[in-house]
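Hi,

Here is the structure I said I would pass on. Have a look at it first, and my notes follow underneath.

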Amino acid sequence: MVNFLLQRTAPLPIDEAWRRLTEWSRHADVVPLTRVTVLTDPPTHEGTVFVARSGFGPLSFDDPMEVTVWQPPLDGGSGRCRLVKHGKVVLGWAELEVHPGPGGRTRVIWHEELRIRGLPSLFDPLVRRASRAVFGRAVNSLLRRP
(Lines give C-alpha, C1' and ligand atoms only; values in the text may rest on other atoms or scores of the structure.)
Protein backbone atom coordinates (compact mmCIF):
# COMPACT_ATOMS: atom_id res chain seq x y z
CA MET A 1 0.00 0.00 0.00
CA VAL A 2 1.31 3.44 -0.94
CA ASN A 3 0.54 6.58 1.04
CA PHE A 4 1.55 10.07 -0.05
CA LEU A 5 0.77 13.69 0.77
CA LEU A 6 0.91 16.77 -1.46
CA GLN A 7 0.66 20.34 -0.17
CA ARG A 8 0.34 23.47 -2.25
CA THR A 9 -0.45 27.14 -1.71
CA ALA A 10 -2.43 28.62 -4.59
CA PRO A 11 -2.93 32.31 -5.34
CA LEU A 12 -6.68 31.72 -5.59
CA PRO A 13 -9.73 32.35 -3.43
CA ILE A 14 -10.72 29.16 -1.62
CA ASP A 15 -13.98 28.68 -3.58
CA GLU A 16 -12.13 28.88 -6.90
CA ALA A 17 -9.41 26.44 -5.81
CA TRP A 18 -12.14 24.02 -4.67
CA ARG A 19 -14.00 24.33 -7.97
CA ARG A 20 -10.87 23.72 -10.03
CA LEU A 21 -9.95 20.61 -8.05
CA THR A 22 -13.40 19.03 -7.77
CA GLU A 23 -14.71 19.38 -11.32
CA TRP A 24 -13.90 15.75 -11.98
CA SER A 25 -13.98 15.91 -15.78
CA ARG A 26 -11.13 18.49 -15.66
CA HIS A 27 -8.78 15.80 -14.34
CA ALA A 28 -8.76 14.20 -17.80
CA ASP A 29 -7.20 17.42 -19.14
CA VAL A 30 -4.16 17.10 -16.89
CA VAL A 31 -3.57 13.34 -16.43
CA PRO A 32 -2.04 11.78 -19.55
CA LEU A 33 -3.96 9.05 -21.36
CA THR A 34 -6.97 9.47 -19.08
CA ARG A 35 -10.60 10.31 -19.63
CA VAL A 36 -13.18 10.85 -16.90
CA THR A 37 -16.86 9.96 -17.03
CA VAL A 38 -19.15 11.22 -14.27
CA LEU A 39 -21.94 8.68 -13.77
CA THR A 40 -24.21 10.67 -11.45
CA ASP A 41 -26.09 13.89 -12.03
CA PRO A 42 -24.48 17.17 -10.95
CA PRO A 43 -23.79 18.87 -8.70
CA THR A 44 -21.24 16.75 -6.86
CA HIS A 45 -22.43 15.36 -3.52
CA GLU A 46 -21.84 12.38 -1.26
CA GLY A 47 -22.57 9.40 -3.45
CA THR A 48 -21.29 10.96 -6.70
CA VAL A 49 -19.57 8.29 -8.79
CA PHE A 50 -17.12 8.80 -11.62
CA VAL A 51 -14.66 6.64 -13.54
CA ALA A 52 -11.18 7.60 -14.70
CA ARG A 53 -10.17 5.36 -17.60
CA SER A 54 -6.40 5.39 -18.02
CA GLY A 55 -4.04 3.74 -20.43
CA PHE A 56 -3.87 2.95 -24.10
CA GLY A 57 -5.76 0.22 -25.94
CA PRO A 58 -5.56 -3.17 -24.24
CA LEU A 59 -3.40 -1.69 -21.47
CA SER A 60 -6.28 0.47 -20.21
CA PHE A 61 -8.05 0.13 -16.88
CA ASP A 62 -10.95 1.77 -15.08
CA ASP A 63 -10.50 3.58 -11.76
CA PRO A 64 -14.07 3.98 -10.41
CA MET A 65 -14.38 6.39 -7.49
CA GLU A 66 -17.16 7.46 -5.15
CA VAL A 67 -17.40 10.69 -3.20
CA THR A 68 -17.96 9.60 0.41
CA VAL A 69 -17.41 12.98 2.09
CA TRP A 70 -18.46 16.27 0.49
CA GLN A 71 -17.93 19.37 2.61
CA PRO A 72 -17.42 22.38 0.30
CA PRO A 73 -15.89 25.49 1.83
CA LEU A 74 -18.54 27.84 3.20
CA ASP A 75 -18.07 31.55 3.89
CA GLY A 76 -14.33 31.37 3.22
CA GLY A 77 -13.80 28.42 5.59
CA SER A 78 -12.15 25.07 4.91
CA GLY A 79 -13.50 22.32 2.68
CA ARG A 80 -12.94 18.58 2.50
CA CYS A 81 -13.71 15.81 0.03
CA ARG A 82 -12.97 12.09 0.30
CA LEU A 83 -12.96 9.70 -2.63
CA VAL A 84 -12.95 5.93 -2.29
CA LYS A 85 -11.52 3.89 -5.16
CA HIS A 86 -13.56 0.77 -6.00
CA GLY A 87 -11.56 -0.54 -8.95
CA LYS A 88 -10.39 -3.97 -9.95
CA VAL A 89 -6.85 -2.60 -10.43
CA VAL A 90 -6.50 0.46 -8.19
CA LEU A 91 -7.88 0.47 -4.64
CA GLY A 92 -7.65 2.99 -1.82
CA TRP A 93 -8.81 6.53 -1.15
CA ALA A 94 -7.93 10.18 -1.66
CA GLU A 95 -8.73 13.18 0.52
CA LEU A 96 -8.66 16.72 -0.72
CA GLU A 97 -8.70 19.65 1.68
CA VAL A 98 -8.69 23.39 1.06
CA HIS A 99 -7.91 25.86 3.83
CA PRO A 100 -7.69 29.64 3.97
CA GLY A 101 -4.07 30.64 3.43
CA PRO A 102 -2.07 33.80 3.92
CA GLY A 103 -2.96 36.86 1.88
CA GLY A 104 -6.21 35.46 0.49
CA ARG A 105 -4.48 32.41 -0.98
CA THR A 106 -5.58 28.82 -0.48
CA ARG A 107 -3.67 25.97 1.13
CA VAL A 108 -4.36 22.66 -0.63
CA ILE A 109 -3.70 19.25 0.89
CA TRP A 110 -4.05 16.11 -1.22
CA HIS A 111 -3.58 12.88 0.76
CA GLU A 112 -3.87 9.55 -0.99
CA GLU A 113 -3.50 5.91 -0.16
CA LEU A 114 -3.52 3.44 -3.01
CA ARG A 115 -2.84 -0.15 -3.77
CA ILE A 116 -2.43 -1.75 -7.15
CA ARG A 117 -3.97 -5.19 -7.04
CA GLY A 118 -1.46 -7.95 -7.68
CA LEU A 119 1.61 -5.71 -7.48
CA PRO A 120 4.02 -6.85 -4.73
CA SER A 121 4.95 -4.34 -2.02
CA LEU A 122 8.51 -4.48 -3.36
CA PHE A 123 7.29 -1.95 -5.95
CA ASP A 124 5.77 0.48 -3.39
CA PRO A 125 8.70 2.96 -3.52
CA LEU A 126 8.43 3.17 -7.32
CA VAL A 127 4.62 3.51 -7.20
CA ARG A 128 4.93 6.22 -4.51
CA ARG A 129 7.41 8.27 -6.57
CA ALA A 130 5.39 7.89 -9.77
CA SER A 131 2.12 8.73 -8.00
CA ARG A 132 3.56 11.82 -6.32
CA ALA A 133 4.90 13.00 -9.69
CA VAL A 134 1.68 12.38 -11.64
CA PHE A 135 -0.70 13.70 -8.98
CA GLY A 136 1.60 16.60 -8.11
CA ARG A 137 1.67 17.71 -11.74
CA ALA A 138 -2.11 17.21 -12.00
CA VAL A 139 -2.83 19.30 -8.90
CA ASN A 140 -0.50 22.06 -10.10
CA SER A 141 -2.13 22.10 -13.54
CA LEU A 142 -5.68 22.07 -12.17
CA LEU A 143 -4.90 25.02 -9.91
CA ARG A 144 -3.33 27.00 -12.80
CA ARG A 145 -6.13 26.41 -15.35
CA PRO A 146 -9.25 28.57 -15.03
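Before the numbers, one cut-off: I call a residue buried when its relative accessible area is under 20%. By that count, buried residues make up 41% of the 146 residues in the protein. Do keep in mind that this is a predicted model.

On the fold: the protein has 3 helices and 7 strands, and from the N terminus the order is β-α-α-β-β-β-β-β-β-α.

As for overall shape, a compact globule of 146 residues would have a radius of gyration near 15 Å, and the protein agrees, because its value is 15 Å. The C-alpha atoms fill a box of roughly 45 × 35 × 25 Å along the principal axes. Of the contacts with a separation of 6 or more, 47% are between residues 24 or more positions apart.

The surface comes to about 8000 Å² exposed, with 58% of that supplied by carbon and sulfur atoms. Charged side chains number 20 positive and 15 negative, and the centres of the two sets lie 9 Å apart.

The element I spent some time on is α3, residues 124-144. This helix has 21 residues and spans 30 Å from its first C-alpha to its last, close to the 30 Å expected at 1.5 Å a residue. So which residues of α3 are buried? They are D124, V127, S131, G136, A138, V139, S141, L142 and L143. And what do they pack against? Their partners are β1 (2-10), α1 (14-22), α2 (27-30) and β7 (106-116).

Cheers

Methods:
Residues are numbered from 1 along each chain as its sequence is written. This is a predicted model: local features need pLDDT of at least 70, side-chain atom pairs count only at pLDDT 80 or more; totals for chains, interfaces and linings use all residues. Side-chain values use heavy atoms; hydrogens and water are left out. Helices (H or I, at least four residues) and strands (E, at least two) are DSSP runs, numbered from the N terminus. The radius of gyration is taken over C-alpha atoms; the globule rule is 2.2 Å times the number of residues to the power 0.38. Buried means under 20% relative accessible area, exposed over 50%, partly exposed in between (1.4 Å probe, protein chains only). Contact means heavy atoms within 4.5 Å. Accessible areas come from the Shrake-Rupley method with a 1.4 Å probe; for residues, only the protein chains shown count as cover. Lys and Arg count as positive and Asp and Glu as negative; His and the chain ends are not counted. The place of a charge is taken as NZ of Lys, CZ of Arg, CG of Asp or CD of Glu. The expected span of a helix is 1.5 Å times one less than its number of residues.
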